[in-house]
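Trainee: I have a model open and would like to go through a few spots with you. Can we start with the loops and then move on to a helix?

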Amino acid sequence: MLKRIKMFFAMLAALMLIAAPAMASGEPIRVSTFEQLEKEAGYNDITRTIVLTDNIKETTKYLVINGTLTLDLDGHTLDITPTTDNYAINVTFNSHLIIKNAGTLKTTTKLLYVFTGAALTISDGTFLGPIDIRDKSQTTITGGAFSVDPWEYLKDEYESKKETDGLYHVRRKTEEKPSIKFEQKELTLPKGETKEITATISGVTEDMVFGVRPSSSSPEVVEVKSFSYGYDSATITVYGQNVGESVLTATLTYGDKTTSADCIITVSGSSPTPP
């Protein structure tokens, strides 16, 4: 009897090793069909990596993610459109789906649903279809291109921008440096006349201490009469004193840094006297 019991447990252990060799070894599980993917994604409380080795298309079922699963698209396309009113991919409570390595997830209906208590991490890839994430606090999207703007799921340091391909691309925000530039780089001003010149300011925020100071390289030719500025522009009034050329410089100061822009002003002979 004892011998039979020992044989039973030995056979059971062998079956378990046969059923899940990849999970036991920690090696990536490679799949090429939806049936394989569905089976491997359904295991609970198991951390594993699934690599697509081919494009997969499913037109009947939807995919359920249990446990912690890294889905390595490896440049392939996973196309799922279930016949029922379900999302193509569903991440269940206490599970974590990690998507990486380019590739495309697509559907003709609803793409991805992440339940409350589940986590989602996306580093890249193309996502064609609506996404609904219940627990934003466990969501990390650092890259990828989306047909539906994912802005509400992004951390503060990331942004999404629509590009020429019609998709919203996610990237880390780059801090815009303050800058100033004249709308015209060169202009002619008749002697004896005044003119308002506008310079555009960008990258300045309301909590930033900044200032604008105009100057003329030849004050005897072009005189700065007055100026004003705000967060988005500066207006400088100049007067043409004598025929010649002068460089008008607008210097933007913010903190201990400065940047500037130039406009070349040519003062011509006096305006013709009206008849």
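Trainee: Is aspartate 74 buried, partly exposed or exposed?

Mentor: Bear in mind that this is a predicted model. In it, aspartate 74 has a relative accessibility of 38%, and because buried means under 20% and exposed means over 50%, aspartate 74 counts as partly exposed.

Trainee: Where does aspartate 74 sit, and what is its phi?

Mentor: Aspartate 74 lies in the loop between β5 (68–72) and β6 (77–80), and its phi is near 50°, which is a positive value in a residue other than glycine.

Trainee: Which other residue that is not a glycine has a positive phi?

Mentor: Asparagine 101 does, with a phi of about 70°; this residue is found in the loop between β8 (96–100) and β9 (104–106), and at 33% relative accessibility asparagine 101 counts as partly exposed.

Trainee: Back to the loop between β5 and β6: is histidine 76 buried or exposed?

Mentor: Histidine 76, which is placed in that loop between β5 and β6, counts as buried, with a relative accessibility of 16%.

Trainee: What is histidine 76 in contact with, leaving aside its neighbours within four places in sequence?

Mentor: Histidine 76 is then in contact with Leu52, Thr53, Asp54 and Asn55, and also with Gly103 and Thr104.

Trainee: Now the helix: which residues of α3 are buried?

Mentor: In helix α3, which covers residues 34–41, the buried residues are Phe34, Leu37, Glu40 and Ala41. Seen down the axis of α3, these buried residues fall within an arc of 135°, so they line one face of the helix.

Trainee: Why would residues three or four places apart point the same way?

Mentor: Because an α-helix has 3.6 residues a turn.

Notes. Residues are numbered from 1 along each chain as its sequence is written. This is a predicted model: local features need pLDDT of at least 70, side-chain atom pairs count only at pLDDT 80 or more; totals for chains, interfaces and linings use all residues. Side-chain values use heavy atoms; hydrogens and water are left out. Buried means under 20% relative accessible area, exposed over 50%, partly exposed in between (1.4 Å probe, protein chains only). Helices (H or I, at least four residues) and strands (E, at least two) are DSSP runs, numbered from the N terminus. The arc is that of the directions from the helix axis to the C-beta atoms. Contact means heavy atoms within 4.5 Å.
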